[in-house]
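Biologist: I'd like to go through this one with you, asking how each label gets earned. Can you show me the model?

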Amino acid sequence: KFFSIIFIIATVLFLPVILWFIKPAFELNVAIIDKTVPNIEYREHEGLVWVLNNEKFINPVSQKPYSYEKDYYGFFPEKNGNFTTINYNSSNVKPDLVYITDTYGVYDSDFRKTNKTGERSELLYGGIDSNEIEAMRKSIYQGSTVIAEFNTFATPTNIDARRELYDLLGIK
């Protein structure tokens, strides 16, 4: 009887894990836009990637779970103190979902870790531009869903690009 109780408790405790492992993975092409990655913490899109991986969505290009370090468009800090940027554009594979996590940008003193007082320095990269909005428009016409977090419309996105975003997303 004791072993039966232990078996039942163990089954109840481990059943969710077992079910997760046998659950099939599904392809979902997600274009994550994060223009605020001054270091390798990836905090602005980390939660989204965790949800995608927890729900067993895989990147259809790599056929692997989504990566915090690679599977987004935006600012990519490098270990040598340099950086690269990749903007979202319409030549990419048509995504099922375009998710804009943050466009606040990366500022020089944040990137170089010299900002002790919290003052804003020179913008290195950030904001949404008209080319990216046009790429989102094409994606929507092809059936993609676009999700933009509240700060997408804030500085450093210029006023003309904001108006285009308002029109694209049907908001004021």
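Biologist: Where is the place of proline 156?

Modeller: Proline 156 sits in the loop between β10 (145–148) and α5 (159–169). Helices here are DSSP runs of H or I with at least four residues, strands are runs of E with at least two, and both are numbered from the N terminus. The peptide bond from threonine 155 to proline 156 is cis, with omega near 15°.

Biologist: And the ground rules?

Modeller: This is a predicted model, where local features need pLDDT of at least 70 and side-chain atom pairs count only at pLDDT 80 or more, while totals for chains, interfaces and linings use all residues. Residues are numbered from 1 along each chain as its sequence is written, and side-chain values use heavy atoms, leaving out hydrogens and water.

Biologist: What makes tryptophan 20 and phenylalanine 21 an edge-to-face pair?

Modeller: Rings of Phe, Tyr and Trp (its six-membered ring) pair if their centres lie within 6.5 Å; planes under 30 degrees apart are stacked, over 60 edge-to-face, and the rest tilted. These two rings are 5.1 Å apart centre to centre with 85° between the planes, so edge-to-face it is.

Biologist: Why is phenylalanine 21 called exposed?

Modeller: Buried means under 20% relative accessible area, exposed over 50%, and partly exposed in between (1.4 Å probe, protein chains only). Phenylalanine 21 has 59%, so it counts as exposed. Tryptophan 20 has 32%, so that one is partly exposed.

Biologist: Why is the pair of phenylalanine 75 and tyrosine 125 called tilted?

Modeller: Their centres are 6.2 Å apart and the planes differ by 35°, so the pair falls in the tilted class. Phenylalanine 75 lies in strand β5 (residues 73–77) and tyrosine 125 in strand β9 (residues 123–125), so the pair ties together parts that are 50 residues apart in sequence. Phenylalanine 75 is buried at 0%, and tyrosine 125 is buried at 11%. Ring pairs also link Phe75, Phe83, Phe111 and Tyr125 into a cluster.

Biologist: How do you know that lysine 56 lies over the face of tryptophan 20?

Modeller: A charge sits over a ring if NZ of Lys or CZ of Arg is within 6 Å of the ring centre and within 35 degrees of the ring normal. Lysine 56 lies over the face of tryptophan 20, at 4.5 Å from the ring centre.

Biologist: Is lysine 56 buried or exposed?

Modeller: Lysine 56 has a relative accessible area of 14%, so it's buried. Lysine 56 also has a positive phi of about 65°, although it is not a glycine.
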